[in-house]
Amino acid sequence: MKKILHFIWKWLIAPLIGFVFITLAAWAVMAIYFAKSPGLVLRVTAAVSFIYFNLSVFINTKRRWKFLVFFAVTFVIVLIWWSLIPPS
């Protein structure tokens, strides 16, 4: 039974979680890049910073829950900021 659960985690659940994180990160980067912020340099810098800080936390933390919390906080910040942009 333990081998079956390990197989399910390794080949089904973990890749699905990874896909969800990649999709959310891609949405956040595109939301930052395509927002109507003043200047292309600011938008590119903010998008690259989002990627850089999340990747550095992912690589440098031994406990993945710290990365999950950091990613959730940064994603919620982008989501709230995106929702406050007035529609054109």
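1. Let me start with methionine 30, which sits in helix H1. This is a predicted model, so take the values below as computed from it. Methionine 30 has a relative accessibility of 44%, so it counts as partly exposed; the band for that label runs between 20% and 50%. From methionine 30 to threonine 61 the chain covers 31 residues, and their C-alpha atoms are 25 Å apart.

2. Now the first helix pair. How far apart are the axes of H1 and H2, and at what angle do they pack? The axes lie 8 Å apart, and the angle is about 165°. That makes H1 roughly antiparallel to H2, because angles over 145 degrees fall in that class. As for handedness, the crossing of H1 past H2 is right-handed.

3. On to the next pair. Helix H2 spans residues 40-60 and helix H3 spans residues 64-83; they pack with axes 9 Å apart at an angle of about 165°. H2 is therefore roughly antiparallel to H3. Here, too, H2 and H3 cross in a right-handed sense.

4. Valine 76 is a residue to look at in helix H3. Is valine 76 buried, partly exposed or exposed? Its relative accessibility is 40%, so valine 76 counts as partly exposed. Measuring along the sequence, valine 76 and arginine 64 are twelve residues apart, while the C-alpha to C-alpha distance is 18 Å.

5. Next, the start of the chain. Methionine 1 belongs to the segment before helix H1, which covers residues 2-34. With a relative accessible area of 72%, methionine 1 is exposed, because the cut-off for that label is over 50%.

6. Last, the surface. Methionine 1 is also one of the residues in a nonpolar surface patch of about 1,100 Å². Which residues join Met1 there? They are Ile4, Leu5, Phe7, Ile8, Trp9, Trp11, Leu12, Ile13 and Ile17. When you have the model open, this patch is worth colouring alongside the H1 and H2 pair.

Methods:
Residues are numbered from 1 along each chain as its sequence is written. This is a predicted model: local features need pLDDT of at least 70, side-chain atom pairs count only at pLDDT 80 or more; totals for chains, interfaces and linings use all residues. Side-chain values use heavy atoms; hydrogens and water are left out. Patches are made of residues with over 30% relative accessible area and no salt bridge: like charges are joined within 9 Å, nonpolar side chains (Val, Leu, Ile, Met, Phe, Trp, Tyr) within 5 Å. Accessible areas come from the Shrake-Rupley method with a 1.4 Å probe; for residues, only the protein chains shown count as cover. A salt bridge is a side-chain nitrogen of Lys or Arg within 4 Å of a carboxyl oxygen of Asp or Glu. Helices (H or I, at least four residues) and strands (E, at least two) are DSSP runs, numbered from the N terminus. Buried means under 20% relative accessible area, exposed over 50%, partly exposed in between (1.4 Å probe, protein chains only). Axes are lines fitted to C-alpha atoms, for helices over the stretch in contact, and angles run from 0 to 180 degrees between N-to-C directions. Angles under 35 degrees count as roughly parallel, over 145 as roughly antiparallel, 65 to 115 as roughly perpendicular and the rest as oblique. A crossing is left-handed if the near helix is turned anticlockwise from the far one by less than a right angle, and right-handed if clockwise.
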